[in-house]
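Dear colleague,

I am passing on the structure we discussed, and below it I have set out what was found when the helices and a few individual residues were examined. Please keep the sequence and the model open beside this message as you read.

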Amino acid sequence: MNEILEQALLYDFYGELLTDHQKEVYEQFVLEDLSLGEIAREEGISRQGVHDLVKRCSHTLKGYEEKLHLVEKFVSIRDKVKQIDELLDGYDKENAQQLVADIRKISDEIIEEL
């Protein structure tokens, strides 16, 4: 998973656990793609201060993920649902029983992860 997508997912899942100031700065950097200098001017802090805050937020969000694994579970379940969609795209009546068995197997894996 690329780093920007990972940061966005971590923020989606755990962003509410950051302070309002942390959320604002992190959103500007990660989601709005503003530079450190642009954020620093807007927030009235140094560029280094913005860098440190973003790094600290990133570390905090990764720490939550290491403990809770919500993003990991989400990505895994999303991939399994995609597998089900691909199986259904290849549906034909002659392989219906195998299709049902494959889908049940994947759905059981999803339920185990939850």
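In this predicted model, helix H6 covers residues 96-113, and over its 18 residues the distance from the first C-alpha to the last is 26 Å, close to the 26 Å expected at 1.5 Å a residue. The residues of H6 that are buried are Leu99, Ile106 and Ile110, and because these cover an arc of only 50° around the axis, they sit on the same side of H6. As a general point, an α-helix has 3.6 residues a turn, so residues three or four places apart point the same way. On the face of H6 turned away from its buried side one finds the exposed residues Gln97, Arg104, Lys105, Ile111 and Glu112, while the cover over the buried residues of H6 includes helix H5 (70-89).

Turning to H5, this helix has 20 residues and reaches 29 Å from its first C-alpha to its last, close to the 28 Å expected at 1.5 Å a residue. Val71, Val75, Ser76, Ile77, Lys80 and Ile84 are buried in H5, and the buried residues of this helix pack against H1, H4 and H6. You may wish to look at lysine 80, which lies in helix H5 and counts as buried because its relative accessibility is 14%, under the 20% cut-off. Its C-alpha atom is separated by 6.4 Å from that of isoleucine 106, although the two residues are 26 residues apart along the chain. If the neighbours within four places in sequence are left aside, lysine 80 is in contact with Ile106, Glu109, Ile110 and Glu113.

The other pair of helices to inspect is H2 (residues 20-31) and H4 (residues 47-68), which pack at an angle of about 100° with their axes 10 Å apart; H2 and H4 are therefore roughly perpendicular to each other. From H2, the residues His21, Gln22, Val25, Tyr26 and Phe29 meet Val50, Leu53, Val54, Cys57, Ser58 and Leu61 of H4, and the residues of this contact divide into eight nonpolar, three polar and no charged.

H2 itself has 12 residues and reaches 15 Å from its first C-alpha to its last, close to the 16 Å expected at 1.5 Å a residue. Its buried residues are Gln22, Lys23, Val25, Tyr26, Gln28 and Val30, and what covers the buried residues of H2 includes helix H1 (3-14), helix H3 (36-43) and H4.

Finally, two loop residues deserve a mention for their backbone angles. Aspartate 33, found in the loop between H2 and H3, has a positive phi of about 60° although it is not a glycine, and this residue is exposed, with a relative accessible area of 64%. Histidine 69, in the loop between H4 and H5, likewise has a positive phi, near 60°, in a residue other than glycine, but histidine 69 counts as partly exposed, at 32% relative accessibility.

With best wishes

Terms used. Residues numbered from 1 in each chain as written. Predicted model: local features only at pLDDT ≥ 70, side-chain atom pairs only at ≥ 80, totals over all residues. Heavy atoms only, no water. Helix = DSSP H or I, 4+ residues; strand = E, 2+ residues; numbered from the N terminus. Expected span 1.5 Å × (residues − 1). Buried < 20%, exposed > 50% of the residue type's maximum accessible area, 1.4 Å probe, protein only. Arc of directions from axis to C-beta. Contact = heavy atoms within 4.5 Å. Axes fitted to C-alpha atoms, helices over the stretch in contact; angles between N-to-C directions. Parallel < 35°, antiparallel > 145°, perpendicular 65-115°, else oblique. Nonpolar A, V, L, I, M, F, W, Y, C, P; charged D, E, K, R; others polar.
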